[in-house]
Amino acid sequence: MNLLHLDASPLGQHSVSRELSAAIVDQLAQEGPSLQITYRDLTAQPLPHWTPVFDAESPAAQLGQQVMDEFQAADVIVIGAPMYNFGIPSQLKAWIDRVVVAGQTFRYTENGPQGLANGKRVIVASSRGGVYTSGPAAGFDFQETYLRTILGFIGITDVEFVRAEGVNISAEHKVKAIASARDSIGSLATKAA
């Protein structure tokens, strides 16, 4: 089984989403010792924003193909995705623009678009400064809704979220939110065994 691990937070060792994505990958690796892991740090090695490439031999085209190959080879994808300004970081959006490609991960048909990336499982380690699953800010969640929509568009319907919400409310709330998210990792990971 192949696992692709992505991190998109620029906060380094202070990142909650990085901490959670690493814990998810560690749990999956313990349950499946033969797991092949590919790691891509979208902040340390950012992808340039997508522009059309007409030369298949250019460095941009080769990088795009490498990103697509990593994605296509993955059975499980773990994404460390913090919420920024109610959405996802631009580093993650640049990666998405490399894998949502007509003819490769979706196609247009007479009945509308059809996803071609079926059979993959995605686990998103989500961190949020506030609370967006309920309450007055729920309508501002364009992070989880976007990720579910774009992944579903390419045929991935097995999408799970491990959330640490309200990490900027207080130090105590942050500790509780991370502990709650870590507790949920065990039940997610056992599905992969």
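1. A quick definition first: a polar contact here is a pair of N or O atoms within 3.5 Å, where one must be able to donate a hydrogen and the other to accept it. Keep in mind that this is a predicted model. With that in hand, have a look at Glu160, whose side chain makes a polar contact with the side chain of Arg121 at 2.7 Å.

2. Staying with Glu160: the residue belongs to strand 7, which covers residues 158-165. Is Glu160 buried or exposed? Its relative accessibility is 9%, and since buried means under 20%, Glu160 counts as buried. Another arginine to check is Arg148: 12 residues separate Arg148 and Glu160 in sequence, and their C-alpha atoms are 9.0 Å apart.

3. Next, the hairpin. Strand 4 (residues 106-109) runs antiparallel to strand 5 (residues 112-115), and the two pair over four bridges. Two residues make up the connection in this hairpin. If you want one bridge to click on, take Arg107, whose partner in strand 5 is Gln114.

4. Now the aromatics. The count comes to five aromatic pairs. One of them joins Phe106 and Phe153, with ring centres 4.7 Å apart and 55° between the planes, a tilted arrangement. Phe106 sits in strand 4 and Phe153 in helix 4 (residues 144-153), so this pair ties together parts that are 47 residues apart in sequence. The two rings are worth viewing with the surface on: Phe106 is buried, at 6% relative accessible area, whereas Phe153 is partly exposed, at 29%.

5. There is also an aromatic cluster, made up of Phe86, Tyr132 and Phe140. Phe86 is partly exposed, with a relative accessible area of 34%. Its place in the chain is the loop between strand 3 and helix 3.

6. That loop deserves a second look for its backbone. Most residues other than glycine have a negative phi. Phe86, however, has a positive phi, near 75°. Asn85 has a positive phi as well, near 50°. Asn85 is likewise found in the loop between strand 3 (76-82) and helix 3 (90-99). How accessible is Asn85? Its relative accessibility is 76%, so Asn85 counts as exposed.

7. One last item for your list is a charge over a ring. Lys120 lies over the face of Phe71, at 5.1 Å from the ring centre.

Terms used: Residues are numbered from 1 along each chain as its sequence is written. This is a predicted model: local features need pLDDT of at least 70, side-chain atom pairs count only at pLDDT 80 or more; totals for chains, interfaces and linings use all residues. Side-chain values use heavy atoms; hydrogens and water are left out. Two strands pair if DSSP finds at least two bridges between them. Buried means under 20% relative accessible area, exposed over 50%, partly exposed in between (1.4 Å probe, protein chains only). Rings of Phe, Tyr and Trp (its six-membered ring) pair if their centres lie within 6.5 Å; planes under 30 degrees apart count as stacked, over 60 as edge-to-face and the rest as tilted. A charge sits over a ring if NZ of Lys or CZ of Arg is within 6 Å of the ring centre and within 35 degrees of the ring normal.
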